[in-house]
Amino acid sequence: MSDPVLTVDDLHVGYPGEEGDIEIVTGVSFELQRGEALGLAGESGCGKTTTALAIMKLLAPGLRQISGTVDLQTANGVVHLQKRTERGMRDVRWTEISLVFQGAIGALDPVQRVSRQIGDAIRLHDPEADRTAVRERVKELLERVGISGERASQYPHEFSGGMRQRVMIALALACEPEVIIADEPTTALDVMTQAQVLALLEELRRDLGLALLLITHDLAVIAETCERVAVMYAGSIVETGPTDAVFAVPQHPYTQRLLGAFPLVGGERALPPAIPGTPPDPADPPSGCRFHPRCHLAREACWHGEMALRPVGDDHDSACLFAPLQQTAVAGGVR
Amino acid sequence: MPLASAVTPLAEARGLEVTFRRRGRVVRALDGVDLEWRQDEVLGVVGESGCGKTTLARTLLGLELPSAGELRFEGEVLDRGGTRTLRRKVQMVFQDPYQSLNPRMRVSELVQEPLRMQGMPRGERILRAATALEDAGLAPAERFWHRYPFELSGGQRQRVAIASALAPEPAGLVCDEPVSALDVSVRAQVLHLLLGLRRARGLALLLITHDIGLAWSLCDRVAVMYLGRVVELGTAADVLERPQHPYTQALIAVAPSTRPRPGGRAAILEGEVPDASRLPSGCRFHPRCPRARERCAEEDVGPRPSGAAGQTAACWYPGMERPVRAVAPTA
């Protein structure tokens, strides 16, 4: 049943170059269903963070949304985010859609008590709230993310990395949004803390019916958290589908190689084969399939034309000309 | 001792202690580490931040002085003056090549820098540096010689860092999370390079990582550290496939996997690694240990043989409760 809260259609983002715009997001489309967790995977520079910032209208100066639409389903009907002014965005940011950044240390104000920062967010949503109500709500939010309410009067530096990330999540929840975008929420954290934060996100999603767009380079984090995954390479989605299907029978050579890059304990003890070369420069992308210069399957047909996503399985799409692909053995066994 | 090599280890720590003072309290960063780093081997050191793995590396590099215990290098006990030898014989590759390379130096200067510090004449230095660059996969060296770090990709920068570490012709290379700042598709290239160097140059590698899958695929032996101690030690296969210490088991169980997880998410340890200036009584792990009993809170425990031959675990009740599933590392 399709009930998307967030629909992104043919999003293009870029910056002006000498000969027209240089695109770093080149036609990204996806739907985030109500209550669903969707993983957006890819390496640095593939456009995954830019996609998130474009949705929130928080693009860095110089970058602009060239075309495409972003629609958010709210209680008051559909909001076309791309048409909103900065002022108009303030009505939906935090209240309808929140962003949790990577590295919470940079996102929290170091000289403000945690209670003040979360309290400000609550007042943004409900300017009438009295002090006692705000204080109670701050405490409740902190306890919701597993922090004792007594720590509300502390400063961010008094919290460990994992605890700060929890504070960030409490902040994101303050105005009861429907959608949370989390950009590398656990990347700077230790394994054990990472597991704690991921378990928390999952619990919140279940209890509050949140939709989660999880952006990360770490496929394993997506496997643990998300029902669906979209893999990005050089500005576009090259494969998308249910996480189980994509990870069990990847239908794009890039996804295959990415999955192969993570050795599995207990499999064959060998280093995965290296992917030759580096991701392309957005100012000078390869023609045809952008992965072709690094692809072990590439043939002449891959050098030309547009590679559109096409169905290869149940709700499973790939942009590879040769999909469905034969599943190759990689380190750790056949995936 | 079982599994001991006949050859003298490259480095050997016995009861090694390194302490710092912080706000008037003593922080025991290393608190009695016994560990051999053998010639030619890839030794993995895994654990959460604050477990002492970086302090161990810095001590092996001669950057920290032990406050107690003994550190031998190629069989000889190191005194204060001995750290100079260490600094030449053991080199380091850091995690982030965007931060570890001086942005104002050209590649040629970066690679020659450690040799210049040793007072090597210019002609010899240039030859050495060029060889090191080519060994690190930046060939021909002339193509990269005059470049600045910002002109290179992340993978190439890490290769420059590796070349500078190779230039003094060390016997051991300490790699602190050498690929965690690199893109997934470039990681394998750098790992293949490190293993190739070990074969070609007979280098011993010490790999510090939190990445269980990486340790498993790359290392001969693995030491698991917790609060300044080695809590489990053995071959990579023994320690990571048949872990005996509950901490190792927990670390492996929470490592995210790209494989479906039968039986749902594993139990996650509560809390965080305690502050090394306020060590728990008895076994340091007992406050977080799912298996802790009375004895664990009272009596401290050192490494004891457990599991396979040569495998040790610092636990009163070691052993496996259930077989460990296949896991992939975090990237």
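In this predicted model, helix α1 of chain A, which covers residues 48-56, has 7 of its 9 residues buried, so the helix is largely enclosed by the rest of the structure. The buried positions in α1(A) are Lys48(A), Thr50(A), Thr51(A), Ala52(A), Ala54(A), Ile55(A) and Met56(A). An α-helix has 3.6 residues a turn, so residues three or four places apart point the same way. After α1(A) comes Lys57(A), with a positive phi near 55°.

The helix belongs to a chain with 10 helices and 14 strands. The radius of gyration of chain A is 21 Å, close to the 20 Å given by the globule rule for 335 residues, and chain A is therefore as compact as a globular protein of that length. Measured out along its principal axes, the C-alpha trace of chain A spans about 70 × 50 × 40 Å. Among the 335 residues of chain A, 52% count as buried. Of the contacts in chain A with a separation of 6 or more, 66% are between residues 24 or more positions apart.

The surface and charges of chain A can be described next. Its accessible surface comes to about 14,300 Å², and carbon and sulfur atoms account for 50% of that area. Chain A carries 30 positive and 45 negative charges, and the mean positions of the two sets lie 5 Å apart.

Attention now turns to chain B, and to the loop between α11 (246-254) and α12 (294-298), where Arg288(B) is found. With a relative accessible area of 10%, Arg288(B) falls under the 20% cut-off and is therefore buried. The side chain of Arg288(B) forms a polar contact of 3.4 Å with the side chain of Glu48(B), and another of 3.4 Å with that of Tyr226(B). Leaving aside residues up to four places away in sequence, Arg288(B) touches Glu48(B), Tyr226(B), Leu269(B), Glu270(B), Gly271(B), Glu272(B) and Val273(B), together with Met192(A) from the other chain named here.

Ala276(B) also lies in the loop between α11 and α12 of chain B. Its relative accessibility is 15%, so Ala276(B) counts as buried. Not counting residues up to four places away in sequence, Ala276(B) touches Val26(B), Val27(B), Arg28(B) and Leu227(B). Between Ala276(B) and Glu64(B), the separation is 212 residues in sequence and 17 Å in space, C-alpha to C-alpha.

How values were computed: Residues are numbered from 1 along each chain as its sequence is written. Chains are lettered from A and ligands numbered from 1 in the order in which they are written. This is a predicted model: local features need pLDDT of at least 70, side-chain atom pairs count only at pLDDT 80 or more; totals for chains, interfaces and linings use all residues. Side-chain values use heavy atoms; hydrogens and water are left out. Helices (H or I, at least four residues) and strands (E, at least two) are DSSP runs, numbered from the N terminus. Buried means under 20% relative accessible area, exposed over 50%, partly exposed in between (1.4 Å probe, protein chains only). A polar contact is a pair of N or O atoms within 3.5 Å; within protein, one must be able to donate a hydrogen and the other to accept it, and residues adjacent in sequence count only if both atoms are side-chain atoms. Contact means heavy atoms within 4.5 Å. The radius of gyration is taken over C-alpha atoms; the globule rule is 2.2 Å times the number of residues to the power 0.38. Accessible areas come from the Shrake-Rupley method with a 1.4 Å probe; for residues, only the protein chains shown count as cover. Lys and Arg count as positive and Asp and Glu as negative; His and the chain ends are not counted. The place of a charge is taken as NZ of Lys, CZ of Arg, CG of Asp or CD of Glu.
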